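Here is a short report on one protein chain. Look over the sequence and the structure before reading on.

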Amino acid sequence: PSVHQTHVALFPSAGIGHLVPFLRLANTLLRHNCKLTLITSQPPVSSAESHLISRFLSAFPQITELKFHILPLHPSIANSDDPFFLQFEAIRRSVHLLNSPLSALSPPLSALVCDVTLISSALQLTATLNIPNYALFTSSARMFSFFAYYPFAKMSDPSSDSIRVPAIGSIPKTSLPPPLLVNNSIFQKIFSQDGQRIKELNGILINAMDAMEGDTLTALNNGKVINGLPPVVPIGPLLPCDFENPDAKSSIKWLDNLPPRSVVFASFGSRTAASRDQIKEIGSGLVSSGYRFLWVVKDKVVDKEDKEGLEEIVGEELMKKLKEKGMVLKEWVNQEEILGHRAVGGFISHCGWNSVMEAALKGVPVLAWPQIGDQMINAELIATIGLGMWVEKWGWGQKCLVKGEELGGRIKELMESEALRKQAAKFRDEAIKAVEVGGSCDRAIEGLIGKWSK
Ligand code: BUP
């Protein structure tokens, strides 16, 4: 009899932060000889996503793309102004359309790996297809613990200003993703519907590693957070891949001429836009830090509508000062290459989980400045394990204005801290061990494929 390759369908949801780990997982599974189908929701929210998907598919023509045309959301459901949440919900409501194209795939699917915001709808698919359903959780193990515990948490208890997650500790309500505290928000609904059903999954893959979150991963797998979870498999760090980045080399050339660890890199991810006032304060903070800097400016939530030039956004006068000491960009940059450059000694980050894992992989200490979502929980983790520092009183970047002078001082602290540099280097060493042939990542993936191919 012919031996079929293990065929896995990958089902990401909206946003770069969700797409990137799926494509990195795809790259890993290909190296282990799997056959893959990538479900791409049409139309995507941002150009960053559509560009990334096309680069990925041209790099791997052997991958089947299953174009999934999602149904438009009824306006009565659309009670959010976040384009990414609206897309989450639209995808969830269209999942039934995937039944027949997925069952027609050949060879038949061995497993489906879905985004965490798709658990409840994907479980219906995999029940019909009679295949295992895994979720790829796209944030930290700490965040996953909260997600798993959420259905049991007494969120509405007004007498308590924090949530005690078993084995993890207290998480202040102010650190939770803000939309979770808004009754009947799309986000809250997803959290409770999908959170309630994680025990029905066959496993949870997570871009995490023991060196950073060993205790949490052990607690999750020993039933200490909640009872009866399927295996939580740390497969991190997922490695950045060549296809991810267009050849934008100008920033790298600029870095090439600078001394080791002399530059601070500032980028706040793909999902948040800073206010004009905050952009100006960041600019003056970078200048006052005395360090050289590479700063990626973002002033719109979705890149498709991003039209204004840098001079207009930052202001001509400040722009002149900025150019003397640093490089300011308003385009997609090769973040992993920048973080891996010897001239870069610190990273001001929004703490999107992919960025955090990339900082660990490259051994760059982080100045955590959470903007939305899971990022404050990730920032707390960064400070606890010493991958970086977090100025708690800054609150949510989207809500408070941090003054340039204050920022400049913190940048100095970050760049001058020997302790942070050493700790970050330790995480880099552990990350490199984890991704070696025969390392923990390899073994985890082999174990999964072994199960899927039975
Ligand atoms: Br912006 C940008 N270049 O210019 P996160 C991002 N990235 O390579 P997010 C670039 O996109 P959420 C750029 O390296 C990382 O892999 C970056 O993911 C890459 O944050 C990814 O860090 C961004 O998880 O979303 O997209 O803001 O916080 O929702 O995960």
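Which residues is Arg-142 in contact with, leaving aside its neighbours within four places in sequence? Start with its place: Arg-142 lies in helix α6, residues 141-149. The contacts of Arg-142 are Ile-168, Ser-170, Ile-171, Glu-213, Thr-216, Ile-377, Glu-380 and Leu-381. Is Arg-142 buried or exposed? Arg-142 has a relative accessible area of 14%. Buried means under 20%, so Arg-142 counts as buried.

**The whole chain**

This is a predicted model. The chain has 18 helices and 15 strands. Its radius of gyration is 21 Å, and the globule rule gives 22 Å for 454 residues. The two values are close, so the chain is as compact as a globular protein of that length. Along the principal axes, the C-alpha atoms fill a box of roughly 65 × 55 × 45 Å.

How much of the chain is buried? Of its 454 residues, 60% count as buried. The chain exposes about 18,700 Å². Carbon and sulfur atoms supply 51% of that area.

Contacts also link parts of the chain that are far apart in sequence. Take the contacts with a separation of 6 or more: residues 24 or more positions apart account for 75% of them.

**Charges and salt bridges**

The chain carries 46 positive and 46 negative side chains. The centres of the two sets lie 2 Å apart. Side chains of opposite charge can pair when their charged atoms come close. How many salt bridges does the structure hold? It holds 20. Three of them are set out here.

| Salt bridge | Closest N to O |
|---|---|
| Arg-93 and Glu-89 | 2.8 Å |
| Glu-418 and Arg-421 | 2.5 Å |
| Asp-429 and Arg-428 | 3.5 Å |

Take Arg-93 and Glu-89. Both sit in helix α3, residues 83-94. Why are they separated by about one helical turn? They are four residues apart in that helix, so about one turn lies between them. Their surroundings can be read from accessibility. Arg-93 is partly exposed, at 39% relative accessibility. Glu-89 is buried, with a relative accessible area of 2%.

Now take Glu-418 and Arg-421. These two belong to helix α17, residues 418-435. They are three residues apart, and that again puts about one helical turn between them. Glu-418 is partly exposed at 42%. Arg-421 is partly exposed too, with a relative accessible area of 26%.

The third pair is Asp-429 and Arg-428. Asp-429 counts as partly exposed at 40% relative accessibility. Arg-428 is partly exposed at 30%. Elsewhere, salt bridges that share partners build one network. It joins Glu-89, Arg-92, Arg-93, Lys-189 and Asp-194.

**An enclosed helix**

Turn to helix α5, residues 119-129. Why is α5 described as largely enclosed by the rest of the structure? Eight of its eleven residues are buried, so the label fits. The buried residues are Ile-119, Ser-120, Ser-121, Ala-122, Leu-123, Leu-125, Thr-126 and Leu-129.

What covers them? The cover includes the helices α3, α4 (99-103), α6 and α7 (186-195). It also includes the strands β4 (111-115) and β5 (133-137). Two of these helices have appeared already: α3 holds Arg-93 and Glu-89, and α6 holds Arg-142.

**Backbone details**

Next after α5 comes Asn-130. Asn-130 is in the loop between α5 and β5. Its phi is positive, about 60°, although Asn-130 is not a glycine. Asn-130 is exposed, with a relative accessible area of 68%.

Cys-351 also has a positive phi, near 75°, and is a residue other than glycine. Where is Cys-351 placed? It is in the loop between β13 (344-349) and α14 (353-362). Cys-351 is buried, with a relative accessible area of 0%.

Two cis peptide bonds complete the tour. One joins Gln-42 and Pro-43, with omega about -10°. Pro-43 is in the loop between β2 (35-42) and α2 (47-59). Another runs from Ser-106 to Pro-107, with omega near -5°. Pro-107 is found in the loop between α4 and β4.

Note on methods
Residues numbered from 1 in each chain as written. Predicted model: local features only at pLDDT ≥ 70, side-chain atom pairs only at ≥ 80, totals over all residues. Heavy atoms only, no water. Rg over C-alpha atoms; globule rule 2.2 N^0.38 Å. Buried < 20%, exposed > 50% of the residue type's maximum accessible area, 1.4 Å probe, protein only. Contact = heavy atoms within 4.5 Å. Areas by Shrake-Rupley, 256 points an atom, 1.4 Å probe, with all protein chains shown as cover. Lys, Arg positive; Asp, Glu negative; His and termini not counted. Charge placed at Lys NZ, Arg CZ, Asp CG, Glu CD. Salt bridge = Lys/Arg side-chain N within 4 Å of Asp/Glu carboxyl O.
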